[in-house]
Amino acid sequence: MLNVVIFGAPGSGKGTQSELIIRKYELKHISTGEILRTEIKKRSELGLLADEYISKGQLVPDEVIIGMLETILNESKDVKGFIFDGFPRTLTQGEALDRMLREKDTSVAVVLNLSVEGKELVQRLLKRGEILGRSDDNPETIWSRLDVYHNQTEPLKEYYKKQGKLVTIKGDTVEDVFEKITDMLNRIL
Ligand code: AMP
């Protein structure tokens, strides 16, 4: 199995690159943000709970997210691998992911860290807010999401660096970043 974590700040291009990766490598895309937005639209119990956090730019509690992931992993049979997009976002989630994959005799192969400057991130998120109308792409929420990223998610970089799995990717265009990602993944395969 090829299990890839796509890592980076909000607006770093995780979703865009994940779409390109799944098409080329036939992996199963797990975007926790997308799953939660679907639940919000359905007005399910999970959606209503998640909305309280997402609308403020805060993280949904670990136990909720980890439980959700566990269900998805157990339901996914005969897949070539996963691309984890927006998960893990805390050290607790990172440790839980390692445990869940170990139980399936597999592990995270690589963590692709998409590196984009802070100013550029804010511009991209504001633009996305205008185009897609995502409720959390507004100025106040953007700042809190970037804060949450630095305080709660960035420490995971050290966690994966120690495991020798962190690869930082920087590029000027979507195509440029994707080329670097495919070079990396082809080397692993
Ligand atoms: P995203 O689409 O990945 O930017 O996620 C949108 C929002 O969903 C985040 O700002 C969080 O509120 C919530 N969310 C998504 N993934 C997670 C996660 N792994 N842990 C906690 N909250 C999450």
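## Around the ligand

Which helix gives the largest share of the shell around the ligand? In this predicted model, that's helix H2, residues 32-42, which puts in 4 residues. The shell counts 16 residues overall, and the ones that come nearest to the ligand are Thr-32, Arg-37, Gln-58, Gly-86 and Arg-89. Sort the shell by class and you get 6 nonpolar, 5 polar and 5 charged residues.

## Polar contacts and cover

A few atom pairs are worth pulling up in the viewer. At Gln-58, a polar backbone atom sits 2.6 Å from an oxygen atom of the ligand. With Arg-89 the side chain does the job: one of its N or O atoms is 2.9 Å from a ligand nitrogen. Gln-93 also uses its side chain, with an N or O atom 3.0 Å from a nitrogen atom of the ligand. As for cover, the ligand on its own has 480 Å² of accessible area, and the protein covers 96% of that.

## The second largest pocket

Now for some empty space. The second largest pocket holds about 170 Å³, and 14 residues line it. Look for its centre and you'll find Ala-9, Ser-115, Val-116, Tyr-149 and Glu-154 as the lining residues that lie nearest.

Where does the lining come from? Strand E4 (110-114), helix H6 (118-132) and helix H7 (139-153) each chip in at least two residues. By class, the lining of this pocket splits into 5 nonpolar, 6 polar and 3 charged residues.

Note on methods:
Residues numbered from 1 in each chain as written. Predicted model: local features only at pLDDT ≥ 70, side-chain atom pairs only at ≥ 80, totals over all residues. Heavy atoms only, no water. 1 Å grid on protein atoms, 1.4 Å probe; cavity = no way out; pocket = protein on both sides within 12 Å on 5 of 7 lines; lining within 4 Å. Points joined across faces, edges and corners; volume = space filled by probe spheres on them. Nonpolar A, V, L, I, M, F, W, Y, C, P; charged D, E, K, R; others polar. Near = heavy atom within 4 Å. Polar contact = N/O pair within 3.5 Å; in protein donor to acceptor, adjacent residues only side chain to side chain. Areas by Shrake-Rupley, 256 points an atom, 1.4 Å probe, with all protein chains shown as cover.
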